[in-house]
Amino acid sequence: MAGTVYKESSHAFRKFKSDFMMAVTVAATIVTLIPLFLVLGYLVFKGATSLNWAFFTHMPTPVGEKGGGMANAIVGTFEVVGIACLIGVPIGIGAGLFLAEHRLGRFADTVRFCADVMMGVPSIVVGIFAYAVLVHPMGRFSTLAGSVALAIIMIPLVTRTTEEMIILVPHELREAALALGVPQWKTSLSVIVRTALSGIATGVILAIARIAGETAPLLFTAFGNRFWSTSLVQPIATLTVQVYTYAISPFPDWQRQAWAGALVLTVIVLALELGVRWVTRAPAKAAR
Amino acid sequence: MADKLVTRHLNAYFNQTRAVKDINLTFPEGKVTAIIGPSGCGKSTMVRCLNRMHEVVPGAHADGEVLLDGENIYDSAVDPVQVRRRIGMVFQKPTPFPTMSIEDNVAAGLTLNSAGISRAERNRIVEKSLRQAALWDEVKDHLRRPGGSLSGGQQQRLCVARALAVEPEVLLMDEPCSALDPISTARIEELLLELKSNYTIVIVTHNMQQAARTSDYTAFLYQGDLIEFGETNQIFTNPKRRETEDYITGRFG
Ligand SMILES: Nc1ncnc2c1ncn2[C@@H]1O[C@H](COP(=O)(O)OP(=O)(O)OP(=O)(O)O)[C@@H](O)[C@H]1O
Ligand SMILES: [Mg+2]
């Protein structure tokens, strides 16, 4: 068949269609980005003007009094999230490794299904669960209960990303290690997990970013604390809960500090996401 | 001359399909045995049965016996990990560990198996293995670069070095030269002749000249069956079976 010769008009029409679709996608992109920039811009504007050194170094002042800061909540957030990681990361990675190595089978299917369901459970439900199994029997709110609640949110995220990342490791690598006489478990840890490590680290950091911003599950568990406490079995202040409490308070100075807290929290999460980019980039550069 | 490795009624299955059928073969100690046959005839599968790598594939299993120095490696008391340390393997596709440097790749079998190896000993083995695999001169100045940064052919020689570093008694090579240029191929073939005195070697190849040049014995496989086995010289000059003759003269099908 001979090549078709297009008429000039059809060329103009195709060009119009292309430009039109281009304009539509650009418009959609802008509409998507506007709220993001509005939120971020407003947050930076309100937060930066409210932020001062005392915010990082001082304790909350008594109700109604001006000044003070959220030093305890900043430390508290790191403590609660840190302990959640100590619980959630090993369990999540272990479960992910299991799912990847035993992909077929009823048990693996069940675990995978549960993890997916857990990811969809509203975080407040997780909070209520931790309240029922930890806070209620212990008779008080505690750091530990908060961390357990966050770990429960974190585990399915880490499990599923770990599984995905390990599945991506070529089967040949496992065989190469086994053929050297390396035992199965050592092959899994030293070769498979190590090869998938940057991907797993990405998943872990994203999960941390996610739980660092959780408020609802902490309301029932870590509760909040106006005083300095790092004890595992006492209530503890966290940025999210503190921001929530201050934001709905009637005092202008507290509302100002809520903005500052929101900004600090956002910067922490942003730093984590930048960490992801760094983690995923470095090995890629080294490998090729 | 001892029989290093002997198979008795060896069958290999992928789920229900039998890919290797009732193979009885003898691999004499200190000799090179070539496995030839058309694509898909079960060469890789058969060789992988010899160090219990076949069972690593999900759904795959083997039966029959494989005797290493007279001991059946499929005996239930035998640990496959120990078998694989004595019977090393180089795969068809190069598989360097991407997270490890060149030297770590070579030393992988040693460091992953025994922690207590001295730095000097490790370096000595790395250099020796890389020299044997004809890769030393190309990589000696950047041993710390990632193994994945090498070319395909260099990666394959890296895998040869990695297999040699653990000093196995038997070396299984599944088309080790399919990704190599003629110079590296010649070097690997020289290596086979060098290694022969200390190792028992099984090499799968599609290259008739290579089989003829390097091996002492040749086995011809067709559709999972062992058609003919004998001294390489005899197989190539005076094959007993019609199929063998057709295959090596390229008149197949
Ligand atoms: N993982 C697998 N699952 C199912 N069947 C397989 C698998 N691997 C190989 N087979 C089948 O087993 C038979 C033998 O395959 P094998 O890889 O041993 O052939 P080969 O002789 O090494 O071929 P080649 O020269 O192309 O490498 C083939 O028919 C193939 O389809
Ligand atoms: Mg093959």
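Four short exercises on a predicted model follow, each with a worked solution.

Residues are numbered from 1 along each chain as its sequence is written, and chains are lettered from A in the order in which they are written. In this predicted model, local features need pLDDT of at least 70, side-chain atom pairs count only at pLDDT 80 or more, and totals for chains, interfaces and linings use all residues.

**Exercise 1. Describe the make-up and overall dimensions of chain A.**

Start with secondary structure. Helices are DSSP runs of H or I with at least four residues, strands are runs of E with at least two, and both are numbered from the N terminus. Chain A has 12 helices and zero strands.

Next, take the dimensions. The C-alpha atoms fill a box of roughly 85 × 65 × 35 Å along the principal axes. The radius of gyration of chain A is 25 Å, whereas a compact globule of 288 residues would have one near 19 Å. This radius is taken over C-alpha atoms, and the globule rule is 2.2 Å times the number of residues to the power 0.38.

**Exercise 2. Place A:I93 and find what it touches.**

First, locate the residue. A:I93 is in helix α3 (residues 71-101) of chain A.

Second, is A:I93 buried or exposed? It is buried, because 24 other C-beta atoms lie within 10 Å. The cut-offs are 20 or more such atoms for buried, 12 or fewer for exposed, and partly exposed in between, with C-beta atoms placed from the backbone.

Third, list the contacts (C-beta atoms, placed from the backbone, within 7 Å). Leaving aside neighbours within four places in sequence, A:I93 is in contact with A:V158, A:T162 and A:I200.

**Exercise 3. Work out the strand order of the open sheet in chain B.**

Two strands pair if DSSP finds at least two bridges between them. Four strands form the sheet in the order β2-β1-β4-β5, with antiparallel pairing. β2 (17-28) and β5 (71-72) stand at the edges with a single partner strand each, so one side of each has no neighbour in the sheet.

Now look at one pair. β1 (residues 3-14) and β2(B) share eight antiparallel bridges. There B:D3 stands opposite B:P28.

**Exercise 4. Trace the surroundings of strand β9 in chain B.**

Begin with burial. Five of the six residues of β9 (residues 217-222) are buried, so the strand is largely enclosed by the rest of the structure.

Then take its partners. β3 (residues 32-36) pairs with β9(B) in the parallel sense over four bridges. B:I35 has B:A219 as its bridge partner. Six bridges join β9(B) to the antiparallel β10 (residues 225-231), where B:F229 stands opposite B:A219.

Finish at the turn. β9(B) and β10(B) form a hairpin with two residues between them, and B:Q223 in the turn has a positive phi of about 50°.

Technical notes
Two residues are in contact if their C-beta atoms, placed from the backbone, lie within 7 Å.
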